[in-house]
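Visitor: I am new to this structure and would like a close look at a single part of it. Please take one strand and its partners, and then go on to whatever else can be described in detail.

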Amino acid sequence: MDKGAVLELIFGRWRSQIVYAGVKLGVFDALGAKAKDVDLIAKELKLDPVLSYRLLRALASLGLLSEHAGRRFSITSAGEFLRADHPETLRGITLLEEGPEHYAIWKYLPEMIRDGRQGAFVREFGRLAFEHPAENPEYAEVFDQAMSSYSSTETAGVLDALSGRDFSKISHLCDVGGGQGHLLCSLLRKQRHMRGTLLERAEVLQNESRLWARSMNVADRCSHVGGDMFANAPAADAYILKHIIHDWNDEECVQIFSNIGRVAPANARLFIAEYIVPGPETPHFAKLFDIHMMCWGTGRERTSDEYAALLNRAGWKYVDTLFPSVGAIGVVEAMKM
């Protein structure tokens, strides 16, 4: 890596904040393939035209817009992913990760590493990240949008990773902490013999219009149970947890695995979908996401060996770690001992 590459890293936050401003102000939703004058864009969005031009020019330099003669702009194929109506929109994840809450917690990173106590969300807001949505409806909405907007890409990776596994003997799959059920419903569509149960907090399940079961035509095989994974779980042949275990410290993870194990039958299977930390020679997104988890709460990203040790403590036997053909996510497979 040369000096120029290091400078690119230093100025990286400039880029992400410019993208955030464009999303927050509705720039990408206001543009299409046909070039539009900046004064018209500013009028539609109730923005200052002079400063709007400078923002749009910067977004064009990032490849998200195209700048044309006469201060006119159109959206690029990359910029389309930031529109609210794109089927694979990244609008929500932009608003969450570059929004005021997640922006603020990173300033505590040096302090946390000095004193050995992670969890910058509590330092900044006086409450756990999981408690913040109840106190801040705007953050709750953005968090929900982010999880939904990211789900299709993550689901595709998990399905790919699991494509070589035999599900014929699994008749009932429980998705623990599965949000609105995108992953579970995708698996039910693929495995038509299975029925599924989505275990989530009751408040997440209240808005039935956001649940995927009906729109994905699996409502007759999908049930929804409000509950707390630290207290109980439904009995099932297999369980899947996507981006759940990385939220918690080791003791909390063992508690989750143990609660599932108490109701799971002999030889039940467990699938943990996370970014798996590879060896020291391999750069990987998991090693960066691990720092975000350090800021966000008590959790962390882990290696396959670290997952195996936690599973063993809770009465599960590590089987394998599965990876998709492309993408960063992996799936740790375990079986009840």
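Guide: In this predicted model, strand β8, residues 269-275, pairs with β10 in the antiparallel sense, over 7 bridges. Within that pairing, Ile272 stands opposite Val332 in β10. Strand β10 covers residues 329-336, and 6 of its 8 residues are buried, so the strand is largely enclosed by the rest of the structure. β10 also pairs with strand β9, residues 316-322, again in the antiparallel sense, here over 6 bridges. In this pairing Lys317 stands opposite Met335 in β10. β9 and β10 form a hairpin, with 6 residues between the two strands. Gly327 lies in the turn and has a positive phi of about 105 degrees. Strands of a sheet pair through backbone hydrogen bonds, either parallel or antiparallel.

Another sheet can be read in a similar way. It is an open sheet of 3 strands in the order β1-β3-β2, with antiparallel pairing. β1 (36-37) and β2 (65-68) stand at its edges with a single partner strand each, so one side of each has no neighbour in the sheet. β1 pairs with β3, residues 72-75, in the antiparallel sense over 2 bridges. There Lys36 stands opposite Phe73 in β3.

A helix belongs to this picture too. Helix α5, residues 49-61, lies across β2 and β3 and runs at about 115 degrees to β2. α5 has 13 residues and reaches 18 Å from its first C-alpha to its last, close to the 18 Å expected at 1.5 Å a residue.

The two ends of α5 can be described in turn. At the N-terminal end, Asp48 acts as a cap: one of its side-chain oxygens lies 3.1 Å from the backbone nitrogen of Val50. After the helix comes Gly63, whose phi is positive, near 85 degrees.

Between these ends, the buried residues of α5 are Ser52, Tyr53, Leu55, Leu56, Ala58, Leu59 and Ala60. An α-helix has 3.6 residues a turn, so residues three or four places apart point the same way. The buried residues of α5 pack against the strands β2 and β3, and also against three helices: α2 (12-24), α3 (27-30) and α4 (38-45).

Technical notes:
Residues numbered from 1 in each chain as written. Predicted model: local features only at pLDDT ≥ 70, side-chain atom pairs only at ≥ 80, totals over all residues. Heavy atoms only, no water. Pairing = 2+ DSSP bridges. Helix = DSSP H or I, 4+ residues; strand = E, 2+ residues; numbered from the N terminus. Contact = heavy atoms within 4.5 Å. Axes fitted to C-alpha atoms, helices over the stretch in contact; angles between N-to-C directions. Buried < 20%, exposed > 50% of the residue type's maximum accessible area, 1.4 Å probe, protein only. Expected span 1.5 Å × (residues − 1). Polar contact = N/O pair within 3.5 Å; in protein donor to acceptor, adjacent residues only side chain to side chain.
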